[in-house]
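Here are some friendly notes to read alongside the model. Have it open as you go through the points.

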Amino acid sequence: KATVSVLNWPQVSHNMNVPNLLVAALATAASAAPVTVPLFKPHRSVNRSLEADRWLVARKYNATTVGAAPVPMDNFQNDQYFGTVSVGTPPQSFKVLFDTGSSNFWVPGPKANVPGHPNAFDSAASSTYEADGREFLVAYGSGYLEGTVARDVMTWGDASATVVFGESTNEPGPTWVRNKFDGIVGLAFEGIAALHMKPPFPMFVEQGAVEKGSFAFYMTNQPDGTTQGSELVLGGTNPEHYTGDFSYFPLADTMLWQIRGDEVSVGGATLGEGVTAVVDSGTSMNTFPAAAVDKLHDVLGCKKVPGGCLWTPCPPPGSLPDVVLTINGQDFAMTQKDYVTDFVSTCLSGFVGVDMHSPQGDLMWIFGDVFMRAWYTEFDYDNARIGFAKAK
């Protein structure tokens with residue numbers, strides 16, 4: 001996970017004496033069509049991917065162990081889909097991670113001073129900036145982020161709205177230095193946001209900046225460049241990137257994009273039943289309970305190594321069974337092509353094992369970018385549901 005986003009059920013400290021933030025609505029005309037935001041992702045190497053993915057998702061969801069082993073805190077590498085948003089008037093651009101597994105929107109402030117990340121928001125240069133005065137600290141595992149709260153105009157694709165956001169003032173440790181992005185746009189729900197700040201997308205909906213209260217991801221498997229076709233659509237879907245009809249499922253909880261699945265299986269063998277499935281655009285791998293992944297990798301026949309599982313040489317095309325999420329009797333399969341990453345002489349499994357629990361205490365099954373590349377996913381705020389259609 002290209003590192004922790006801010007956040008999920010963390011320990012949050014703030015000044016309780018400051019009045020609640022009053023968000024001024026920005027008068028904008030509703031878009032005539034959904035807003036499209038291009039996505040891109042950096043190149044990935046197998047050596048930097050193994051321990052990194054397991055560590056990153058563990059930090060994000062506050063897991064402290066991976067199976068029986070301590071969660072490592074080095075060997076970091078990003079493999080995320082990024083896009084660009086702007087803040088302020090005139091707009092200042094930032095490369096951000098669009099993360100359905102967290103809820104806060106933040107960008108670096110001038111006091112953050114993160115080595116290798118010179119891009120910082122200059123509030124004095126924005127005519128629409130309003131300071132809030134509150135401070136926040138988000139603790140996640142063994143790291144944290146500090147900042148101050150503000151409001152300003154956010155431009156997202158062709159749409160603009162006034163939002164509440166964080167300006168980081170302290171990003172300690174190597175986690176933030178190694179990031180490939182400036183900030184994070186959280187796309188989950190207010191209940192897990194620091195200070196319960198409202199996430200940006202529902203504010204765009206309330207202010208009429210998008211025509212529909214849903215957004216959708218299309219993720220390709222190309223490693224470089226902005227012309228690869230990956231995109232985030234605000235206010236609808238793009239039929240050019242999926243086939244057939246959507247299947248929709250109600251959310252089990254409105255803190256995360258969480259649904260209930262019948263089971264997860266591989267080649268007909270059950271890995272888990274009654275699963276709590278979280279669909280997370282900010283996690284590169286599918287991250288399942290450690291025991292389930294251990295069983296899965298036994299079936300797939302790869303060599304288990306710290307942080308993952310490898311094939312050397314790569315398995316012949318079509319030789320591995322599908323991994324299937326079943327929901328209400330409907331199967332959503334990931335084929336070998338979906339879950340095996342080819343690094344020429346070595347291939348990497350798209351599954352990692354981490355024991356994490358939802359706010360309700362259930363073991364979570366995180367369906368990340370590996371799943372979302374196979375299944376075009378619509379996140380429907382208006383109707384509290386998730387929809388899947390087969391990606392082209």
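1. Let's begin with Phe217, whose contacts (heavy atoms within 4.5 Å) beyond four places in sequence include Leu39, Phe98, Thr100, Leu187, Glu231 and Leu232. Ser281, Met372, Tyr376, Thr377 and Phe379 are also touched by Phe217. Please keep in mind that this is a predicted model, in which local features need pLDDT of at least 70 and side-chain atom pairs count only at pLDDT 80 or more, while totals for chains, interfaces and linings use all residues. Residues are numbered from 1 along each chain as its sequence is written, and side-chain values use heavy atoms, with hydrogens and water left out.

2. Phe217 also belongs to a bigger picture: together with Phe98, Trp156, Phe215 and Phe388, Phe217 has the most contacts inside the largest nonpolar core, which has 92 residues. A nonpolar core here is a set of buried Ala, Val, Leu, Ile, Met, Phe, Trp, Tyr and Cys residues joined through side-chain atoms within 4.5 Å. Buried means under 20% relative accessible area, exposed over 50%, and partly exposed in between, with a 1.4 Å probe and protein chains only. A second, separate core has eight residues, among them Tyr218, Tyr242, Tyr376 and Ala389. As a general background, nonpolar side chains tend to be buried together in soluble globular proteins.

3. Next, the confidence. The chain has a mean pLDDT (the predictor's confidence in each residue, from 0 to 100) of 80, and 75% of its residues reach 70 or more. Residues 1-32 stay under 50, and the model has 117 contacts beyond four places in sequence for them. Residues 45-49 are also below 50 in pLDDT, with ten contacts in the model beyond near neighbours in sequence.

4. Now the sheets. Strands (E, at least two residues) are DSSP runs, numbered from the N terminus, and two strands pair if DSSP finds at least two bridges between them. One open sheet has six strands in the order β2-β13-β12-β27-β28-β14, paired antiparallel. Its edges are β2 (35-38) and β14 (242-250); each has a single partner strand, so one side of each is left without a neighbour in the sheet. From one strand to the next, the twist averages 20 degrees, with axes being lines fitted to C-alpha atoms and angles running from 0 to 180 degrees between N-to-C directions. Within this sheet, β12 (residues 214-218) and β13 (residues 231-234) are joined antiparallel by four bridges, and Phe215 faces Leu234 in β13 as its opposite residue.

5. Which strands stand at the edges of the open sheet of four strands? The order is β19-β20-β24-β23, again with antiparallel pairing. The edges are β19 (303-305) and β23 (340-342), each with a single partner strand, so one side of each is left without a neighbour in the sheet. On average, neighbouring strands here are turned by 30 degrees against each other, direction ignored. Two bridges link β20 (residues 308-311) and β24 (residues 347-349) in the antiparallel sense, where Leu310 is opposite Leu348.

6. Strand β16 (residues 257-266) deserves a close look: seven of its ten residues are buried, so β16 is largely enclosed by the rest of the structure. With β15 (residues 253-254), β16 forms a hairpin that has two residues between the strands; the pairing is antiparallel over two bridges, and Thr254 is opposite Trp257. With β17 (residues 269-279), β16 pairs antiparallel over eight bridges, one pair of bridge partners being Glu263 and Glu273. That hairpin also has two residues between its strands, and Gly267 there takes a positive phi near 55 degrees. Finally, β16 and β21 (residues 323-327) are antiparallel partners over four bridges, with Val266 bridging to Val323.

7. Is Gln258, in strand β16, buried or exposed? At 2% relative accessibility, Gln258 counts as buried. Leaving aside neighbours within four places in sequence, the residues in contact with Gln258 include Pro250, Asp253, Thr276, Val278, Ser358 and Gln360.

8. A last stop is Asp355, in the loop between β25 (351-353) and β26 (364-367). Asp355 counts as partly exposed because its relative accessibility is 27%. A polar atom of the Asp355 side chain lies 3.0 Å from the backbone nitrogen of Ala290. Asp355 and Ala292 are 63 residues apart in sequence, and their C-alpha atoms are 9.9 Å apart in space.

Definitions and conventions: A polar contact is a pair of N or O atoms within 3.5 Å; within protein, one must be able to donate a hydrogen and the other to accept it, and residues adjacent in sequence count only if both atoms are side-chain atoms.
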